[in-house]
Amino acid sequence: MPTQKSGYDYDVVIAGTGCAGLSLAVRLARSEALSSWNILLIDQQKKNGNDRTWCFWEAGRGYFESIVRHRWSLADVMTADAHIHLHFDPYEYKMIRSGDFYAYCKQILQQAREQNPSRKIDIWYEPVTKILDKETHAEVHTSHHTIRCRFTFSSLPRNIPQDKPVHFLWQHFQGWLIRAVTPVFDASRMVLMDFRVPQQQATAFMYVLPVNTHEALIEYTVFSKQLLPPEVYEACIQQYIQKNYPDLCYDILEKEQGKIPMTDYIFPQTDKHVIYIGTSGGQTKGSTGYTFSFIQQHSETILHALEQGNSPNTSHHPRKNFYRYYDRLLLHVLSESLYPGDKLFADLFDKNPTDKVIRFLIEQSSFGEDISIILSLPKKPFLKAALDTWKENSNR
């Protein structure tokens with residue numbers, strides 16, 4: 001156990017070394033104002049390889065610009081009845097692979113250690129068993145240690161209480177990174193959503209991200225309450241490749257599979273010294289599953305608060321409640337099958353300027369833009385969702 005400083009073993013403990021934990025850790029490590037703070041990261045296991053891919057819209061250069069694997073300004077959304085061409089300008093749709101992200105963040109942490117050898121920036125690999133919010137500090141228990149710290153930031157999963165009336169869907173997927181023998185892909189153009197695939201009595205689409213003329217990530221994604229057997233995802237990807245790239249010879253370089261909660265449940269943030277980050281901190285957008293950009297915004301907000309000597313248990317964006325309400329309506333429409341998901345997303349992109357839709361999805365739109373987007377969508381299912389939501393709130 002390290003020597004205590006001002007009663008603390010570490011100033012900050014970060015539980016979880018995924019996207020949220022490392023995004024915050026590198027900012028703390030680079031901060032001149034916090035250069036004397038000792039940082040401990042804890043995770044049950046090491047994260048090294050490409051176990052997932054993060055994609056997000058961004059205008060201009062971002063914090064992790066140097067490890068962006070590829071970017072697109074052009075995209076397509078396709079249904080059985082429509083083919084919608086999108087131009088993201090002034091945004092780009094950027095891809096970061098997790099293996100590059102993990103290696104880059106650990107390199108930054110190592111550089112911070114070397115620049116200030118008296119400072120502790122450690123990573124332990126052991127299970128966290130308990131996190132306590134004490135009156136003057138936080139306390140983290142692992143299988144081997146008890147650590148006192150100023151603040152703990154945790155991205156460890158949190159359960160949604162069964163008695164809470166919330167909407168919940170899984171966004172679940174399997175993706176193949178393939179390399180084709182012949183040059184069949186257009187690396188300047190991606191497929192954001194191709195709904196011409198088995199819908200699984202839910203909302204499903206194929207997502208195609210070409211990184212060069214020979215390689216692409218092809219991912220089958222489903223929004224539903226139940227997960228699918230692995231072989232179902234595989235069969236759908238195989239069928240899609242056969243249909244859209246006939247007789248293509250290819251190798252599967254990597255596979256990724258995962259699930260993201262899509263919910264309108266608001267995780268409580270009442271602790272003084274324990275702050276939740278990532279999905280556990282409400283940074284996953286309920287209606288889309290997008291998380292990466294919101295994690296970066298949250299990390300910046302936490303860093304600024306700490307540098308100013310304020311509590312990192314920061315309040316949400318002032319318009320956050322509006323976006324949560326929009327998410328709730330959309331989740332209700334999808335989960336109750338009030339309107340086909342493919343037609344809903346086609347309407348969203350077909351009836352609105354693309355840059356306006358992106359601002360809406362990344363929660364940077366104006367109230368006027370929100371209203372115009374909502375009015376462009378089918379009114380009957382959303383009015384029913386609004387009425388049902390009002391009844392649910394009245395019964396709480």
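## Exercises on burial, helix faces and salt bridges

Thr221 has a relative accessibility of 2%, so it counts as buried. The model you are looking at is predicted, and the exercises below start from this residue.

**Exercise 1. Find out where Thr221 sits and which residues far from it in sequence are in contact with it.**

*Solution.*
- Step 1: Locate the residue. Thr221 belongs to strand E15.
- Step 2: Set aside the neighbours within four places in sequence; the contacts of Thr221 are then Gln171, His172, Phe173, Thr203, Ala204 and Phe205.
- Step 3: Check the burial. Buried means under 20% relative accessible area, and Thr221 is at 2%.

**Exercise 2. Work out how the buried residues of helix H3 are arranged around its axis, and what they pack against.**

*Solution.*
- Step 1: Start with the helix itself. H3 covers residues 230-244, 15 residues in total, and spans 22 Å from first to last C-alpha, close to the 21 Å expected at 1.5 Å a residue.
- Step 2: Pick out the buried positions, which are Tyr233, Cys236, Ile237, Tyr240 and Ile241.
- Step 3: Look down the axis. The buried residues of H3 lie within an arc of 130°, so they line one face of the helix.
- Step 4: Turn to the other side of H3, where Glu231, Gln242 and Lys243 are exposed.
- Step 5: Ask what covers the buried face. The buried residues of H3 pack against strands E12 (168-180), E13 (189-194), E14 (203-210), E15 (215-224) and E16 (250-263). One of these, E15, is the strand that holds Thr221.

**Exercise 3. Helix H8 has buried residues and also gives residues to a nonpolar surface patch; describe both.**

*Solution.*
- Step 1: List the buried residues of H8: Glu369, Asp370, Ile373 and Ser376.
- Step 2: View H8 down its axis. These buried residues fall within an arc of 130°, so they line one face of the helix.
- Step 3: Name the cover, which includes helix H5 (320-335), helix H6 (341-350) and helix H7 (354-361).
- Step 4: Now the surface. A nonpolar patch is formed by Phe322, Phe367, Ile371, Ile374 and Leu375, with about 430 Å² of accessible area together. H8 (residues 367-376) gives the most to this patch, with 4 residues.
- Step 5: Take Phe367, found in H8, as an example. Its relative accessible area is 44%, and patch residues need over 30%.

**Exercise 4. Which carboxylate side chains meet Arg97 in salt bridges, and how buried or exposed are the partners?**

*Solution.*
- Step 1: Recall the principle: side chains of opposite charge can pair when their charged atoms come close.
- Step 2: Take one partner. Arg97 and Glu254 meet at 2.5 Å, N to O. This pair joins strand E7 to strand E16, with the two positions 157 residues apart in numbering.
- Step 3: Take the other partner. Arg97 and Glu256 meet at 3.5 Å, N to O, again from E7 to E16, 159 residues apart.
- Step 4: Compare exposure. Arg97 is buried at 4%, Glu254 is partly exposed at 26%, and Glu256 is buried at 4%.

**Exercise 5. Which network does the salt bridge between Lys94 and Glu58 belong to?**

*Solution.*
- Step 1: Inspect the pair. Lys94 and Glu58 meet at 2.9 Å, N to O; Lys94 is in strand E7 (residues 92-97) and Glu58 in strand E3 (residues 53-58), 36 residues apart.
- Step 2: Check exposure. Lys94 is buried at 0%, whereas Glu58 is partly exposed at 21%.
- Step 3: Widen the view. Salt bridges link Glu58, Glu65, Arg71, Glu92 and Lys94 in a network. The structure holds 22 salt bridges.

Notes:
Residues are numbered from 1 along each chain as its sequence is written. This is a predicted model: local features need pLDDT of at least 70, side-chain atom pairs count only at pLDDT 80 or more; totals for chains, interfaces and linings use all residues. Side-chain values use heavy atoms; hydrogens and water are left out. Patches are made of residues with over 30% relative accessible area and no salt bridge: like charges are joined within 9 Å, nonpolar side chains (Val, Leu, Ile, Met, Phe, Trp, Tyr) within 5 Å. Accessible areas come from the Shrake-Rupley method with a 1.4 Å probe; for residues, only the protein chains shown count as cover. A salt bridge is a side-chain nitrogen of Lys or Arg within 4 Å of a carboxyl oxygen of Asp or Glu. Buried means under 20% relative accessible area, exposed over 50%, partly exposed in between (1.4 Å probe, protein chains only). The expected span of a helix is 1.5 Å times one less than its number of residues. The arc is that of the directions from the helix axis to the C-beta atoms. Contact means heavy atoms within 4.5 Å.
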